[in-house]
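Visitor: Please give me a close look at a single part, the ligand site. Work outwards from there, and don't spare the details.

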Amino acid sequence: MIKSRRQQKLEQKQLQSRLNKSSSFATKTPFRDAERNFKSRLPPPDFSSVIDFYNLENCIDEIKNKVIEVELAVDLGEECENLFGKCKDGEYIERKKAYLFKDLPGFIFIRNPFTPDAQKNVIKRCLKDFTKHPNISNLDTHYILPKQGLWELYEKVFNNILDENDKECFIPLKATSTNKNSDMRYTDDDDESPKSTKLTTINKDKPDPSPSPTVSILPPSQLIRKLRWITLGYQYHWSTKSYHFDRRFQFPQDINDLTTAVVKAIDGLGYPDDSFVHKYDVKKWKPEAGVVNYYQLKDNLMAHVDRSEINMDAPLISFSFGHSCIFLIGGTTRETAPLALYLRSGDISIMCGPSRGCFHGVPRILEETLPTYLAPNNVEDPEWDIYGDFMSTTRINVNVRQVF
Ligand SMILES: O=C(O)CCC(=O)C(=O)O
């Protein structure tokens, strides 16, 4: 039988996709090797090749030679002092430096430009505000979360205002609920400038994941530790790896402003020989979607590429808070051995240009790396106690994208 060219092409594509799959899953790849190394508890990982921007002079030469120090277009503190924080008298924070990597055009690293108080503010926002309705979290699939937000309920328990046996602390499961509204979501009227939210039915092509009948009812203090992510702005449909274009919530102004300062600061950064120069007009920058990841100490994020955004020219900006982690970034397949670097509290990593299409992941959260200023039991800041307690087992990552 003679096959049409279209059919031949389709079959070729299917064969290639099967081959790609079998090469990335069945065999070992350099990326998987690196993930295995850093995930290992016994024996402990080999950290000798990890880039440490707080101790570059002591890194091995092979690593040091890959790093290029550059100057940002603006000082982040001058650009956005209210959010990066005002330095105290005598305090100095380097806010005009960034690092590039020779083999990874478009990947930019900025060492923590935040004051401790400014970090605390963003962490509070991630735990208390962004976890509130209408933003969607991993827990929403299985639980009917309280309207006031799970954090506020947990706060009442932490401060002994409520007992976990009180009726108010009962968080019903969706699987056993008769609540007909449980498959409805809040979405926005106005795509350009979300101001209000209204109830709407869900898109039938992108159904919400079904609640599991096997998850258990948990008290707020245990459920809060099961929080893994929430989504900001355009909501994400994880199973089809695409956005819900009809489900969009107001994007937080402070995260908008932080990323706008970063976009301004990285404009024009590039290699000394101009073989790569990053250009993205800050006037075009529109943070439209974000994911806040909450990692507990045993969690990791497998290698992946973020390619759901229609605009792949805009940078993807990522902030780290709390415990440090190992971050891996490689090439467009898992065949490229990744660079490994430490991301510490306050650090900013940016993927733009070719690096936007690169595999990356977080194989390890590092125990006992919480900065002391984020620890609980700080006599000068008793309000921080509940946050410090949560952060004593947590790393938070906020990553922000322009979709269109
Ligand atoms: O946690 C991080 O630093 C990376 C997060 C990430 O890659 C993602 O959410 O796509």
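Guide: I'll start with the ground rules, go to the ligand, and then follow the salt bridges and loops outwards.

This is a predicted model, where local features need pLDDT of at least 70 and side-chain atom pairs count only at pLDDT 80 or more, while totals for chains, interfaces and linings use all residues. Numbering runs from 1 along each chain as its sequence is written, and side-chain values use heavy atoms, leaving out hydrogens and water.

Now the ligand. Its shell, meaning residues with a heavy atom within 4 Å of it, is made of Asn293, Tyr295, Leu301, His304, Asp306, His360, Val362, Arg395, Asn397, Asn399 and Arg401. Strands dominate the wiring here: E9 (289-296), E10, E15 (360-365) and E16 (394-401) each put in at least two of those residues. The biggest contributor is E16, with four. (Strands are DSSP runs of E with at least two residues, helices are runs of H or I with at least four, and both are numbered from the N terminus.)

Several side chains come up to ligand oxygens with an N or O atom. For His304 the distance is 2.8 Å, and for Arg395 it is 2.8 Å as well. Asp306 sits at 3.3 Å. On its own the ligand has 300 Å² of accessible area, and the protein covers 94% of that. Accessible areas here are Shrake-Rupley values with a 1.4 Å probe, and for residues only the protein chains shown count as cover.

Two of the shell residues lead straight into a charge network. Asp306, Glu309, Arg356 and Arg401 are joined by salt bridges that share partners; a salt bridge is a Lys or Arg side-chain nitrogen within 4 Å of an Asp or Glu carboxyl oxygen. Within that network, the closest N and O atoms of Glu309 and Arg356 are 2.8 Å apart. Glu309 is in the loop between E10 and E11, Arg356 in the loop between E14 and E15, so this pair links distant parts of the chain, 47 residues apart. Both Glu309 and Arg356 are buried, with buried meaning under 20% relative accessible area, exposed over 50% and partly exposed in between (1.4 Å probe, protein chains only).

Stay in that E10-E11 loop for a second, since Ile310 lies there too. Ile310 counts as exposed because its relative accessibility is 55%. Together with Phe245 and Phe404, Ile310 makes a nonpolar surface patch of about 300 Å² of accessible area. Patch members have over 30% relative accessible area and no salt bridge; like charges are joined within 9 Å, and nonpolar side chains (Val, Leu, Ile, Met, Phe, Trp, Tyr) within 5 Å.

Past E15 comes another loop, the one leading to H10, and it holds Glu368. Glu368 has a positive phi near 55 degrees without being a glycine, and it is exposed at 80% relative accessible area. Something similar turns up in the loop between helix H9 (253-266) and E9, home of Asp274. Phi of Asp274, also not a glycine, is positive at about 65 degrees, and Asp274 counts as exposed at 57% relative accessibility.

Further out, the salt bridges keep going: a search of the whole structure finds 24. One of them pairs Arg344 with Asp52, with 2.7 Å between the closest N and O atoms. Arg344 is in the loop between E13 (339-343) and E14 (348-351) and Asp52 in the loop between H2 and H3, so this pair ties together parts 292 residues apart in sequence. Arg344 is partly exposed at 25% relative accessible area, whereas Asp52 is buried at 13%.

Stepping right back, the chain has 10 helices and 16 strands, and buried residues make up 50% of its 404 residues. Of the contacts (heavy atoms within 4.5 Å) with a separation of 6 or more, 77% are between residues 24 or more positions apart.

Definitions and conventions: Polar contact = N/O pair within 3.5 Å; in protein donor to acceptor, adjacent residues only side chain to side chain.
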